[in-house]
Amino acid sequence: MKASRYGDDIEIAYGRRLGWYAIARVKKPKVLIETGVDHGVGSCVLASALLRNAAEGHPGRYYGTEIRPEAGALFTGEYATVGRILYGDSIQSLTTFAEPIDMFVNDSDHSGEYEYREYQTISEKLSIGAIILGDNAHVTDSLSRFSRETGRKFVFFSEKPLDHWYPGAGIGISF
């Protein structure tokens, strides 16, 4: 981080990304997709889980989607050995993606409509037992609605930061 263009005074708050890590460690996905890479913090956390899984005999690949070509600056080095970033519109990237998806993390365009379109796009590409995480489930009902419509179960894990300006969010989980 200090070597990046973001400077050495930046503090990374992992928040619900630690939940993503824990779920990726338990699920041990062969194919994990995250939409919305931004700087690459979530990408690195998810890649870390995949690296640990691989060390235990359960290799997996990370694919991030990102519309901004300058995004993903932190996703380098060892992290990049387990995946890559697909630059372009996430719906287009997901449409052409051909592998079964074991774990999907939505963290791109936070409009409910776009989020729902991502879920519809991956619907037929999900492997048996696939899990979907929604980073926006505290704001929209897109993941819970998609879950209901496709016969999946849905739970919400609420994030409640202590003494912080941000009121918290959470992880929507569809399985």
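Two residues are taken to be in contact when their heavy atoms lie within 4.5 Å. On that basis, in this predicted model, 64% of the contacts between residues at least 6 apart in sequence join residues at least 24 apart.

The overall dimensions come next. The C-alpha trace of the protein chain spans about 45 × 40 × 30 Å along its principal axes. The radius of gyration is 15 Å, which agrees with the value near 16 Å that a compact globule of 175 residues would have. Of these 175 residues, 48% are buried.

As for secondary structure, the protein chain holds 6 helices and 7 strands. Read from the N terminus, their order is α-β-α-β-α-β-α-β-α-β-α-β-β. Within this series, strand β4 covers residues 101-106 and runs parallel to β5, with 5 bridges joining the two. One pairing is worth picking out: Phe104 has Ile132 of β5 as its bridge partner. Strand β5 itself, residues 126-134, is mostly covered, with 7 of its 9 residues buried. It may help to recall here that side chains in a regular strand alternate between the two faces of the sheet.

Turning to the surface, the protein chain exposes about 9100 Å², and 55% of this area is supplied by carbon and sulfur atoms. Charged side chains number 19 positive and 23 negative, and the centres of these two sets lie 7 Å apart.

Technical notes
Residues are numbered from 1 along each chain as its sequence is written. This is a predicted model: local features need pLDDT of at least 70, side-chain atom pairs count only at pLDDT 80 or more; totals for chains, interfaces and linings use all residues. Side-chain values use heavy atoms; hydrogens and water are left out. Helices (H or I, at least four residues) and strands (E, at least two) are DSSP runs, numbered from the N terminus. The radius of gyration is taken over C-alpha atoms; the globule rule is 2.2 Å times the number of residues to the power 0.38. Buried means under 20% relative accessible area, exposed over 50%, partly exposed in between (1.4 Å probe, protein chains only). Accessible areas come from the Shrake-Rupley method with a 1.4 Å probe; for residues, only the protein chains shown count as cover. Lys and Arg count as positive and Asp and Glu as negative; His and the chain ends are not counted. The place of a charge is taken as NZ of Lys, CZ of Arg, CG of Asp or CD of Glu. Two strands pair if DSSP finds at least two bridges between them.
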